[in-house]
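Here is a short note on charge pairing for your review. Please read it with the coordinates open.

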Amino acid sequence: MKTFLFILFLAFFGIQLTNAQDLEHKTLKINKESHLKITGDTNINTFSCEFDPKELPEHLRVSFQRKQNTLFFQNTSLKLNSKAFDCGSRPINKDFKALMKAEKHPNIILNLIKLEFKDLSSSLITLEINIAGIAKTFEVPVKIDQASSNYKGTILLNINDFKLEPPKKVFGLIKVKEEIEIKFDLYLEG
């Protein structure tokens with residue numbers, strides 16, 4: 001019995017060592033030309049909130065395993081300061097921070113799970129988005145421009161999935177619609 005347990009332990013430990021050896025690490029530089037924008041609608045107007053590119057980290061450390069045309073990420077995330085979005089005016093900025101619960105949850109966290117390359121100019125990324133302490137997983141088509149190392153995509157999400165309550169204005173006459181878009185336009189070097 002001891003021999004069987006010892007062999008089982010060695011087999012498990014060997015698998016763990018093999019997996020750890022397959023793990024690649026890279027540091028990507030995030031170019032300040034990158035953009036991130038959240039857009040949405042109210043029952044009377046639209047709003048757009050741009051993330052301040054100076055607030056993007058200079059580098060993103062990624063760890064991944066390659067399997068055919070897919071990268072599987074481990075411990076790879078991008079933290080965005082919820083207060084670094086500019087919606088064009090102080091009152092809308094205040095409302096946006098209230099919507100995102102920025103005081104209690106100062107960061108929006110994007111955890112990369114996998115990136116599946118479809119061809120040289122498109123891929124599908126699976127990521128977990130954590131807003132206000134609630135995490136949801138999304139699959140997002142990404143357009144790739146290899147020449148400029150540019151990655152573009154749009155994430156559609158429902159604010160109710162994150163238990164976000166938009167502020168109501170003018171005694172509830174102005175309401176934010178549930179669907180919002182997150183558009184990213186990232187330039188990565190590395």
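**Salt bridges in the predicted model**

1. Start with K118 and E116. Their side chains form a salt bridge, with the closest N and O atoms 3.3 Å apart. E116 is partly exposed, at a relative accessible area of 22%. That value clears the 20% under which a residue would count as buried. Bear in mind that this is a predicted model.

2. How many salt bridges does the structure hold? The count is four. Three of them are taken up in this note, including the pair above. As background, side chains of opposite charge can pair when their charged atoms come close.

3. K83 and E103 make another salt bridge. The closest N and O atoms lie 3.1 Å apart. K83 sits in the loop between β6 (77-81) and β7 (85-86). E103 sits in the loop between α2 (90-99) and β8 (107-119). The pair therefore ties together parts that are 20 residues apart in sequence.

4. Are K83 and E103 buried or exposed? K83 is partly exposed, with a relative accessible area of 38%. E103 counts as exposed, at 68% relative accessibility. The cut-off for exposed is over 50%, so E103 passes and K83 stays in the partly exposed class.

5. E181 and K183 also meet through their side chains in a salt bridge, at 3.8 Å from N to O. The cut-off is 4 Å, so the pair counts. E181 is partly exposed, with a relative accessible area of 26%. K183 is partly exposed too, at 38% relative accessibility.

How values were computed
Residues are numbered from 1 along each chain as its sequence is written. This is a predicted model: local features need pLDDT of at least 70, side-chain atom pairs count only at pLDDT 80 or more; totals for chains, interfaces and linings use all residues. Side-chain values use heavy atoms; hydrogens and water are left out. Helices (H or I, at least four residues) and strands (E, at least two) are DSSP runs, numbered from the N terminus. Buried means under 20% relative accessible area, exposed over 50%, partly exposed in between (1.4 Å probe, protein chains only).
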